[in-house]
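Reader: Could you walk me through this one before I set anything up? I'd like to begin with the aromatic residues and then wander a bit.

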Amino acid sequence: MIDSLNLKKITDNVFKYEDSLSVLNPQMIEHIKYIAHTHPMQRARINFHHSDEALVHEMIIAMTNGTIVEPHQHLNKCESFHLMEGTVRIGFINEDGIIMNIVELSKDKTEYYRLNTPDYHIVVPISEMVVIHEVTNGPFLKEENTFNLNLSTKKVNMIRKTIRSWRIE
């Protein structure tokens, strides 16, 4: 437990807030940003829900622009991001890996998005550091998160590169 922040370490880059009243302070954000910079996955998060069985899952997630999030979909779920820091793009792709839409979250443009359907999407951090507040419905069931597009690594890297370089008006 990281007592001064009231965080319980779940894994090297996942923490859980350990109080019945949840608060987020700048030290907590700085902590996960530091972990994201030093962790091999280049991301870290604080869970504010108390278990995988909770009906609402809220997380503060820090990601570097080296974070790799594979294309995926969430069956029977919605997902929302509220941007707190940085710039991130979410690319929506079809089953052939064709980019259908891109949403950019940045402080001077759009700061929130919500996905209500099980569309395949890929998260691409653009700025050196991104911090988001993610909300989704629980319970967490691994089988409801699918990564089965069967796209080659080369194709996924091309999608990521295209999203990163996309000119957003």
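Author: This is a predicted model, and in it F81 is buried, as is Y113.

Reader: How far apart are the ring centres of F81 and Y113, and at what angle are the planes?

Author: The centres of the F81 and Y113 rings are 5.1 Å apart and the planes stand at 85 degrees, so this pair is edge-to-face. F81 belongs to strand 6, residues 79-85, while Y113 belongs to strand 9, residues 112-115, and the pair thereby links distant parts of the chain, 32 residues apart.

Reader: And what about F92 and Y113, what kind of pair do they make?

Author: The F92 and Y113 rings also form an edge-to-face pair, because their planes are at 65 degrees, with the centres 6.1 Å apart. F92 sits in strand 7, residues 87-93, and Y113 in strand 9, so this pair ties together parts of the chain that are 21 residues apart in sequence.

Reader: How buried is F92, in numbers, and how buried is Y113?

Author: F92 has a relative accessible area of 11% and counts as buried, and Y113 is buried with a relative accessible area of 6%. Through ring pairs, F81, F92 and Y113 are linked into a cluster.

Reader: How many aromatic pairs does the structure hold?

Author: The structure holds three aromatic pairs.

Reader: Switching to the histidines: where does H57 lie, and is it buried or exposed?

Author: H57 lies in strand 4, and with a relative accessible area of 5% this residue is buried.

Reader: Which polar partners does the H57 side chain have?

Author: Its side chain is joined to that of H49 by a polar contact of 3.3 Å, and a polar atom of the H57 side chain also lies 3.2 Å from the backbone oxygen of D52. Setting aside neighbours within four places in sequence, the residues in contact with H57 include E134, V135, T136, G138, P139 and F140.

Reader: So where is the place of H49, and which backbone atom does its side chain reach?

Author: H49 is in the loop between strand 3 and strand 4, and its side chain reaches the backbone nitrogen of E58 at 3.3 Å. H49 is buried as well, with a relative accessible area of 7%. Apart from neighbours within four places in sequence, H49 is in contact with K16, A54, V56, H57, E58 and M59.

Reader: Different topic, the hydrophobic interior: which residues of the largest nonpolar core touch the most other members?

Author: That core has 16 residues, and L7, M28, I32 and I46 are the ones that touch the most other members. At least two core residues come from each of strand 2 (14-17), helix 1 (26-38), strand 3 (43-47), strand 4 (56-64) and strand 11 (129-137). Helix 1 gives the largest share of this core, with five residues.

Reader: What is M28 in contact with, leaving aside its neighbours within four places in sequence?

Author: Beyond those neighbours, M28 is in contact with L5, L7, Y17, V23, I46 and F48. There is also a second, separate core, which has 15 residues and includes M63, V69, L83 and L115.

Reader: Which residues of helix 1 are buried, and what covers them?

Author: The buried residues of helix 1 are M28, I29, H31, I32, K33, I35 and A36. Their cover includes strand 1 (7-11), strand 2, strand 3, strand 4, strand 6 and strand 11.

Reader: What happens at the start of helix 1, and how far apart are its end C-alpha atoms?

Author: At the start of helix 1, a side-chain oxygen of N25 comes to within 3.0 Å of the backbone nitrogen of Q27. The end C-alpha atoms of helix 1 are 19 Å apart, which agrees with the 18 Å that its 13 residues should span at 1.5 Å a residue.

Reader: Last thing, the whole chain: how many helices and strands are there, and what is the radius of gyration?

Author: The chain has two helices and twelve strands, following the pattern β-β-α-β-β-β-β-β-β-β-β-β-β-α along the sequence. Its radius of gyration is 16 Å, close to the 15 Å that the globule rule gives for 169 residues, so the chain is as compact as a globular protein of that length. The C-alpha trace spans about 45 × 30 × 30 Å along its principal axes, and 46% of the 169 residues count as buried. Among contacts in the chain with a separation of 6 or more, 71% are between residues 24 or more positions apart.

Definitions and conventions
Residues numbered from 1 in each chain as written. Predicted model: local features only at pLDDT ≥ 70, side-chain atom pairs only at ≥ 80, totals over all residues. Heavy atoms only, no water. Core = buried A, V, L, I, M, F, W, Y, C linked by side-chain atoms within 4.5 Å. Buried < 20%, exposed > 50% of the residue type's maximum accessible area, 1.4 Å probe, protein only. Helix = DSSP H or I, 4+ residues; strand = E, 2+ residues; numbered from the N terminus. Contact = heavy atoms within 4.5 Å. Phe/Tyr/Trp six-rings, centres within 6.5 Å; stacked < 30°, edge-to-face > 60°. Polar contact = N/O pair within 3.5 Å; in protein donor to acceptor, adjacent residues only side chain to side chain. Expected span 1.5 Å × (residues − 1). Rg over C-alpha atoms; globule rule 2.2 N^0.38 Å.
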